[in-house]
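Ready for a few warm-up exercises on a protein model? Have a look at the structure below, then try each task before reading its solution.

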Amino acid sequence: MEEKPKLVATEDEIRYYKCQKLRGKFDEKLQEKVFDEMKTEDPQEIYKFFETKKKQILKCRKKGVINVNQFNLLLPSNGETNVKLFDTSLLIFVLTEFFNSEHHILQKIRNWLQHKTPPELDEQQFNDIFDAVEKPLMDLGVPKEDLERIKEMRVMDAEAKRLLKIKSFNYNCQPPVANHHHREAVIDNIHAAMLLQHADDTKFGVVVSGLPGCGKSEAAKVYWKSFQKKYYEDAVCWVNCNDYMSMLKSFGDIADRCGINTKKPDGSCRRLEEIADLVYRFFSTEQKENIPRKVLFIFDNADDQKDVGKFIPTANYDAIHMLITSQCQVWDPRFRVIKLDVFTVEESQIFLQQNIKRDETESTTKQLYEMLGCHPLGMQQAVSYINEHGIDIETYITEFNKRQKEYMSKESDQIGKTTVYTTLSLAFERIENEGDSAIIQLTNIIAYLDGRDIKKGLLLKCVNGDVSTLNNILHFLSKYSIINISLSNSNTSYAEQQLTCHSLTQTFLKVDKRDKREEIIQRLGAVFIEDLKICERNNLKMDGYIWYQHFHHICNSDQDSALLMEFKEHQVLLIDLFETNGDIQRLQFFFEQILNNLLEKHDDDHHLVLLTQHNIAQCLKVTGQAKEALEIFRPVEQKQLTILGSDHPDVLRTQHNIAYYLQETGQT
């Protein structure tokens, strides 16, 4: 007789999971009911509705009917109310307070599903819950067959579990640095906090907070590597939070891999929050397997709660686990904060013992970590320097003290700790003395890129495609811990292989070589432009795949728009780039920056000024702002006629666009 496959989950866990599926149906129907009552799903229109009810909402807040977090969800500071972020209680509040729904019925279902479903359920308890909520859920519009399907579902047998394990889903995850000290107690604390957070519906994430260079990102890397299969079923997504575009790219890529359409039916792009919600929903409910897959989302280097607040999943997305790294230590009670400091004395001793290649006395080792303030990044730099040059700790301390005196009066405040500044300056002096011009040039370029994800394919373009030269440079820099080269899978192409550079290291390099900034930006601009031209000539996708995020990273921190101005004569390439990436609205903002810079140097009838204004109007056209586009096209046409004549292609193109908009708006 064939042996029946064993269930992965216990029978109690299966029944508990079914109750969560019922709760998900309940929340789904409550959301639909709110949208039906509002007669819109537009976050701005919903905000306007609640704005008219502000006095009533404030009164309920004072009475304790809703809490401060729920109040902020109803009336957020950005003027866009996202109903998909409402928990069950808030959805019920809206329906009963403003649309006269029967409160006791909705509350009864909520109580059964939220408060009467312990993790361990016997069969009788489950049947009681199912019988109690079946009719009310059907009254809300849940089809009977959906309820029956939930009641009868089998939760993944051994074969299904095996197939799921094969389907690894790791996005943008890089392994920990080889010589980084793994702080086991911190990793255990993170996992304990994640379990507590996920068991509490009022909590949404765990934050690892601390000063720059203390190892927050490394702790997150060690955590996902330790638990990716043990707990998260080999599903981890790493989201860079250094700017909006990095977050949009991350969720856009994840959505593509999930087969999620990021465009609306009318062809316009979905908002970032919508894409994130669709991704969460996929992992929680929409996979072929009939159990949510536990997925770890790591939001790395968030400035503060505003960065990730829009990505908080709704309460019924049981699959989603959020881990955040941030320098900010102030978070509201929805987040559990783990504060990460410099190494302890014991951790410092272990780190130095494990990584310094020569034998050292306890006293000299103590001198070193006390001198460096037990700062993880400073100690990593010191160890790399000591090992590479075969010197002892006493010699390093002598060099360090001499260099620190030289730099105490310089811009070390821009880096944070003078110890880190000094260790980096020692290392970079050796690099300049021992390395050739190609090494120095590439190091300077790396300083301006998004240090969390630099692909070798981009750097290869900066060394004229010479793989041997690039490998030699990267090996040289990694010896001094200027960069960390990630281990790659066997199926990862050379161009796709990644390396990282710590933000403190990049800041030091930019400060130390500030006189080279213009030259570096020009070099990067030339690389980006040439890549787009090659794609255009060969009819390839013009998405700037290996450098698009770096373009945004540089532009977002570039006060004088130097990189954008490299494109002033190549604006059509920017249009192709941003159209391919579905980000015309962002392009409009960049064109406006180019225009402001041009107007500082040229008259308002200069050909580049008119070209840029024309392109801003084109962006307005694509985003549905025909009236605003016409207001720009009209004066551009008049100036072009005066300067270029009626037969010039630029004039004809502008007139064509004007005619198109007039037709679209029914004007003549």
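**Exercise 1: cysteines and disulfides**

Cysteine 241 is buried, since its relative accessibility is 1% (buried is under 20% relative accessible area, exposed over 50%, partly exposed in between, with a 1.4 Å probe and protein chains only). A quick note before going on: this is a predicted model, where local features need pLDDT of at least 70, side-chain atom pairs count only at pLDDT 80 or more, and totals for chains, interfaces and linings use all residues. Residues are numbered from 1 along each chain as its sequence is written, and side-chain values use heavy atoms, with hydrogens and water left out.

Task: Is cysteine 237 buried or exposed, and how many disulfides does the structure hold?

Solution:
- Step 1. Cysteine 237 has a relative accessible area of 0%, so it is buried.
- Step 2. The disulfide count is zero, where a disulfide is a pair of cysteine sulfur atoms within 2.5 Å.

**Exercise 2: the overall picture**

Task: How many helices and strands does the protein have, and what percentage of its residues count as buried?

Solution:
- Step 1. There are 31 helices and nine strands; these are DSSP runs numbered from the N terminus, with helices being H or I of at least four residues and strands E of at least two.
- Step 2. The protein has 668 residues, and 53% of them count as buried.
- Step 3. Take the contacts (heavy atoms within 4.5 Å) with a separation of 6 or more: 72% of them come from residues 24 or more positions apart.

**Exercise 3: positive phi without glycine**

Task: Where does lysine 39 lie, and is lysine 39 buried or exposed? Then do the location for asparagine 301.

Solution:
- Step 1. Lysine 39 isn't a glycine, yet its phi is positive, about 65°.
- Step 2. Lysine 39 sits in the loop between α1 (11-38) and α2 (43-52), and its 72% relative accessibility makes it exposed.
- Step 3. Asparagine 301, also no glycine, has a positive phi of about 65°. Its loop is the one between β4 (295-300) and α14 (305-309), and with a relative accessible area of 21% asparagine 301 is partly exposed.

**Exercise 4: the neighbourhood of alanine 302**

Task: Which residues does alanine 302 touch, not counting those up to four places away in sequence?

Solution:
- Step 1. Alanine 302 is in the loop between β4 and α14 and is buried, at a relative accessible area of 1%.
- Step 2. Its partners are Cys241, Asp307, Val308, Ile324, Thr325, Ser326 and Gln327.
- Step 3. For a distance check, alanine 302 and aspartate 243 are 59 residues apart in sequence and 8.7 Å apart in space, C-alpha to C-alpha.

**Exercise 5: a helix crossing**

Task: At roughly what angle do the axes of α20 and α22 cross, and which residues make the contact?

Solution:
- Step 1. The axes of α20 (residues 437-446) and α22 (residues 467-479) come within 10 Å and cross at roughly 70°. Axes here are lines fitted to C-alpha atoms, for helices over the stretch in contact, with angles from 0 to 180 degrees between N-to-C directions.
- Step 2. The two helices are therefore roughly perpendicular (65 to 115 degrees; under 35 is roughly parallel, over 145 roughly antiparallel, the rest oblique).
- Step 3. From α20 the contact uses Ala438, Ile439, Leu442, Thr443 and Ile446, and from α22 Leu470, Ile473, Phe476 and Leu477.
- Step 4. Sorted by type, the residues of this contact are eight nonpolar, one polar and no charged (Ala, Val, Leu, Ile, Met, Phe, Trp, Tyr, Cys and Pro count as nonpolar, Asp, Glu, Lys and Arg as charged, and the others, Gly among them, as polar).
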